[in-house]
Amino acid sequence: MTTDIATTRTITYRQALNETLRAELEHDEKVFLIGEEIGVFEGSYKITAGLLEAFGPDRVLDAPIAEEGFVGAALGAAMLGMRPVVEIMTINFSLIAIDQIVNHAAKMRSMFAGQVSIPLVIRMPGGGGQQLAATHSQNLEVWYAHIPGLKVVAPSTPADAKALLTAAIRDDDPVIFLENLSLYSAKGEVPDGEQIAEIGKAAVVKPGTDLTIVSYSRGTTTALEVARQLEAEGLSIEVVDLRSLRPLDRDTICASVQKTGHAVVFEDDWLSYGIGAEISATIGEGVFDFLDAPVRRVAAAEVPLPYAKSLERAALPSSADLARVVREVLNLAPVSSASIDN
Amino acid sequence: MAAKARIRPNPVEAPGDEPGSEPNAPLRGYYERMSLVRAFELRASEMYARARIGGYCHLNLGEEATVVGLMAAVEARDYLFTGYRDHGYALLRGLSPERVMAELFGKVTGVSGGRGGSMHLFDTETRLFGGYGIVGGQIPPATGAALALKYREAAGPDAAAVLCLLGDGTTNIGAFHESLNLAGLWKLPIVYVIVNNGLGMGTTVEKASAEPELYKRAASYRMPGLRVDGDDVLAVRDAARSALKQARESRQPVLLEVMCYRLRGHSVVDPARYRSADDTAIAQQSDPVPSFRAELIASGVLSEADAAAIDESADARVSEAVTFAEESPEPDPTDLFAYVYATAVANAPSALPGEPVMDAL
């Protein structure tokens, strides 16, 4: 990551995204934003607030409800050298555009032997826990992480939101930029000046020696919270934030588990065939001899997410679930549920 | 399928010039191109049967007048997007028969380096922006290309436009309607051409579309819709030229429906048993290549000997293409991952089947 100025400010993830979009619109006139309700309405989650006013309707283009149409249109504009940044209101609606993303954006460069590049960013939030029920609460990132030709990034902090979004917009390939509904208001220190992250690299966001928690996006914030709770009990937990789901930084994951000998994956998606399955296989292949216990996964219950708060809470992976599984992997006695704040 | 009369042009469309009013040189050129497409497609069919070509292979046989007319209308500065029945368009866009045939053969000298095959011909230089194998997959990107053109240049006679070709079956997918709506809404410089050969694989237009007069769908998007006889090369050329003029000069998107016949099955392997004897007979009677040839001989543009020489020359040209394709090398497997990403990225996968994803620590 490049840092030209050392000063930082504490801002929200939302503000980091907004400022970065503004900076990139200023930086390169080929950048334009397209999506539903991003202009006059300023975005369903207000990520694009003020940008229509600042840059006008050619640069901040309100699209009708037609995900396949406007995602594909952004792709076509990218083929001619524009650098579109698409907002899809939530990842759930990206399924309507999946033909353009998976069958087209991901394929074109390879299929046409490098004659065309697709500098396209598709931003979209995933995440449950807002009582939005089954169709509006999914974590489908693994669908995209599975596809060669795409890059998939998932920042967990405002600083990474800025640095990864800048990197994504300046990248010449299609990048799925995964946001999370529950992170938009999260605050963090963000360095001023131009910040460009390296896509494809994970980060050890908290060092430790007893066990590795691997996570991404919202999960990383929960993992850090649990790691700090357990630190009070004398456990040293390392947290690896994936940051990039495709490509996957297997070396950083394995180097961590080589050191700790224990690993838990904390993920918001469903368990079977999920991100954790890939991480577990990686650890098995890379550092089998260093493992002192089987890798465990803490993932969402495999059910269409219900609306009722009690059921929603039961289905989603929580900090208490993670703390419990960490203790199990380390073969420690369980603690009473009252002692860990969910 | 009904008789040919059913699909004759709607009166809204201006008729093309009669051959008599055209200078001879372009007419001769059009026949040369029709003959080249015909020869190329017949040879592609033969090469497929001889297992030189794999995968799917869709031919322009019977659509030559449409292909030549459209390609005579489109300018070098325009961008062309097509479906998977794309060989003729690539040839007339100026790609050499050698490179097109080599792509069909899966050779590294092919237009897409052997990575796309028959359905995915692409050439940046001539602005052939694909060849798309998924029905209608090209429509949203073509619309976005027009959006980029609108963004970067003013309308006018020298402006570029997009020509987006699609089949009749494609008009029922969502992306068609979403894209035409965007083009109408945003006033994009694009002409959508429905190459209506009456059949989406084996399903007739009447069985697939509640409004089988497909050009009428333009009304929903406040764009002109018109229908033209696809067996009439001049009518196709003039209608496409006029539509492109509206797109480039007035930012008015247009929907043009071109009525033609598919002489063979959906793809090379399809014997088309679902077609009635009548329908097949009509398709053969309407075959634009011998018709145009006869017309030009009758009007004195060509002599019988000229026409025969053109056909022989086309055939020889295609023979050279086959030789080139046969002698070209296959892509090197060590280049398997060469084009996955434009911007190099850390940890990009490069394992072949069975290779470890990483070295064990």
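Start in chain B of this predicted model by selecting B:Pro97, B:Glu98, B:Met101 and B:Ala102, which belong to helix α4(B). Then add the residues that these four meet in helix α11(B), namely B:Arg317, B:Val318, B:Glu320, B:Ala321, B:Val322, B:Phe324 and B:Ala325. If you colour this contact of α4(B) with α11(B) by residue character, you will find that the residues divide into eight nonpolar, no polar and three charged.

Now widen the selection to the whole of both helices, taking residues 97-104 of chain B for α4 and residues 304-327 of chain B for α11. Two packed helices are described by the angle between their axes and the distance between the axes. Here the angle is about 50 degrees, and the axes of α4(B) and α11(B) lie 8 Å apart. That angle is why α4(B) is called oblique to α11(B). As you turn the view, note also that α4(B) passes α11(B) in a right-handed crossing.

Move next to chain A, whose domain assignment gives domain 1 as residues 10-191 and domain 2 as residues 203-331. Give each domain its own colour, and keep in mind that 26 Å separate their centres, taken over C-alpha atoms. The contact between them takes 25 residues from domain 1 of chain A and 24 residues from domain 2 of chain A. To find the side of domain 1 that touches domain 2, select α6 (141-145), β6 (151-153), α7 (158-170) and β7 (175-180) of chain A, each of which supplies at least two residues of that side. The residues of this side of domain 1 divide into 13 nonpolar, nine polar and three charged.

Stay in chain A and look for an open sheet of five strands, which follow the order β9-β11-β10-β13-β14 with mixed pairing. Which strands stand at its edges? Select β9 (203-206) and β14 (296-300) of chain A, since these are the edge strands, and each of them pairs on one side only. From one strand to the next, the twist averages 25 degrees.

Within this sheet, pick out strand β10 (residues 211-215) and strand β11 (residues 237-241) of chain A, which run parallel and are joined by five bridges. For one residue to follow by eye, choose A:Ile213, whose bridge partner in β11(A) is A:Val239.

Finish the tour with helix α10 (residues 275-287) of chain A, which lies across β10, β13 (263-270) and β14 of chain A. When you show α10(A) together with β13(A), you will see the helix running at about 155 degrees to that strand.

Notes:
Residues numbered from 1 in each chain as written. Chains lettered and ligands numbered in written order. Predicted model: local features only at pLDDT ≥ 70, side-chain atom pairs only at ≥ 80, totals over all residues. Pairing = 2+ DSSP bridges. Axes fitted to C-alpha atoms, helices over the stretch in contact; angles between N-to-C directions. Contact = placed C-beta atoms within 7 Å. Parallel < 35°, antiparallel > 145°, perpendicular 65-115°, else oblique. Left-handed = near helix turned anticlockwise from the far one by under 90°. Nonpolar A, V, L, I, M, F, W, Y, C, P; charged D, E, K, R; others polar. Domains from an automatic or database assignment.
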